[in-house]
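Trainee: I am new to this structure and would like to go through it slowly, one question at a time. Could we begin by looking at it together?

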Amino acid sequence: MFTGIVQGTAQIQSIIEKQNFRTYTVKMPQELQFYLETGASVANNGVCLTVTKIDGDLVSFDLMTETLRVTNLGTLKQGDFVNIERAMKFGDEVGGHILSGHVYCTAKVIQRIPSENNLQIWFELPTRDVMKYILTKGFIAIDGISLTIGEVRDNQFCVNLIPETIERTLIAKRAVGDLVNIEIDPQTQAIVDTVERYLETKQ
């Protein structure tokens with residue numbers, strides 16, 4: 001499990017294509033190497049991945065075909081950076097909201113509106129079906145970052161970024177047309193799905 005509080009960024013050092021999956025290796029920041037072992041779960045752009053190899057500060061992960069298809073990790077190349085969060089430990093403070101690292105879909109950046117000490121970014125989801133889980137002032141995870149939804153319209157929504165988020169994560173570097181990973185808040189999803197099923201039984 002994760003909290004959506006990105007702890008740092010890591011640069012991809014190499015990508016090796018294999019049968020039905022790929023392995024990529026990142027240069028892990030020193031402060032995130034503490035007690036890191038093979039088999040550990042680490043969120044890369046919000047995607048829960050398993051550490052397969054550690055060689056000093058070089059940490060490798062395997063990405064299956066489904067992960068490459070559903071998330072933006074399949075578009076990355078050597079030299080790109082990813083948001084990193086280590087799995088939470090019992091007793092950790094939950095500064096954002098509880099995440100599983102299971103990405104629901106990707107969304108496209110469609111507009112950036114900068115202002116003093118703030119950046120508003122608008123995203124478009126691939127289908128309206130997902131929008132029932134996107135609620136104004138609700139939680140959402142974008143590339144592993146726990147954020148509050150600002151406005152919602154049709155199949156689009158926005159978030160407002162404070163300087164701390166802009167400085168610590170990669171989201172402010174996303175340009176119009178870029179894809180970001182979306183994880184729906186599981187509590188919101190459970191409530192919406194439960195209400196839908198209840199209403200169906202009443203029809």
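Mentor: Before we start, one cut-off will help us: a residue counts as buried under 20% relative accessible area, as exposed over 50%, and as partly exposed in between. Please also keep in mind that this is a predicted model.

Trainee: Is Glu17 buried or exposed?

Mentor: The relative accessibility of Glu17 is 52%, and the cut-off for the upper class is over 50%. Because 52% falls in that class, Glu17 counts as exposed.

Trainee: Which residue forms a salt bridge with Glu17, and how is that partner classed?

Mentor: Side chains of opposite charge can pair when their charged atoms come close. For Glu17 the closest N and O atoms of the pair are 2.7 Å apart. The partner has a relative accessibility of 10% and so counts as buried; the residue that pairs with Glu17 is Arg22.

Trainee: Asp57 also forms a salt bridge, so how far apart are the closest N and O atoms of Asp57 and Lys27?

Mentor: This pair links distant parts of the chain, with Asp57 in the loop between S4 and strand S5 (58-64) and Lys27 in strand S2, 30 residues apart. Asp57 is partly exposed at 24% relative accessibility, and Lys27 is partly exposed as well, at 42%. In space, the closest N and O atoms of Asp57 and Lys27 are separated by 2.5 Å.

Trainee: Where does Thr25 lie, and which residue's side chain is joined to that of Thr25 by a polar contact of 2.7 Å?

Mentor: Thr25 belongs to strand S2, which covers residues 21-27, and at 12% relative accessibility Thr25 counts as buried. Leaving aside neighbours within four places in sequence, the contacts of Thr25 include Gln11, Ser14 and Val59. The polar contact of 2.7 Å between side chains joins Thr25 to Ser60.

Trainee: Which residues are in contact with Thr52, leaving aside its neighbours within four places in sequence?

Mentor: Thr52 is found in strand S4, residues 47-55, and is partly exposed, with a relative accessible area of 37%. With sequence neighbours within four places left aside, the residues in contact with Thr52 are Thr38, Ser60, Phe61 and Asp62.

Trainee: Turning to the whole chain, how much area is buried between domain 1 and domain 2?

Mentor: The chain is divided into domain 1 (8-86) and domain 2 (105-201), whose C-alpha centres lie 23 Å apart. Contact between them involves 11 residues of domain 1 and 13 residues of domain 2. The size of an interface is often given as the accessible area lost when the parts come together. Carbon and sulfur atoms give 44% of the area buried between domain 1 and domain 2, which is about 840 Å².

Trainee: Which residues in domain 1 lose the most area to domain 2?

Mentor: Three residues together make up 50% of what the domain 1 side buries, and they are Asn45, Asn72 and Asn83.

Trainee: How many residue pairs are in polar contact across the interface of domain 1 and domain 2?

Mentor: The structure holds 8 salt bridges, yet the count between domain 1 and domain 2 is 0. For polar contacts, with both residues at pLDDT 80 or more, the number of residue pairs across the interface of domain 1 and domain 2 is 6.

Trainee: Which strand gives the most to the side of domain 1 that touches domain 2?

Mentor: The strand in question covers residues 81-86 and gives 4 residues to that side of domain 1. The strand that gives the most is S6.

How values were computed: Residues are numbered from 1 along each chain as its sequence is written. This is a predicted model: local features need pLDDT of at least 70, side-chain atom pairs count only at pLDDT 80 or more; totals for chains, interfaces and linings use all residues. Side-chain values use heavy atoms; hydrogens and water are left out. Helices (H or I, at least four residues) and strands (E, at least two) are DSSP runs, numbered from the N terminus. Buried means under 20% relative accessible area, exposed over 50%, partly exposed in between (1.4 Å probe, protein chains only). Contact means heavy atoms within 4.5 Å. Domain bounds come from an automatic or database domain assignment. Buried area is the accessible area (1.4 Å probe) that two parts lose on being put together, summed over both. A salt bridge is a side-chain nitrogen of Lys or Arg within 4 Å of a carboxyl oxygen of Asp or Glu. A polar contact is a pair of N or O atoms within 3.5 Å; within protein, one must be able to donate a hydrogen and the other to accept it, and residues adjacent in sequence count only if both atoms are side-chain atoms.
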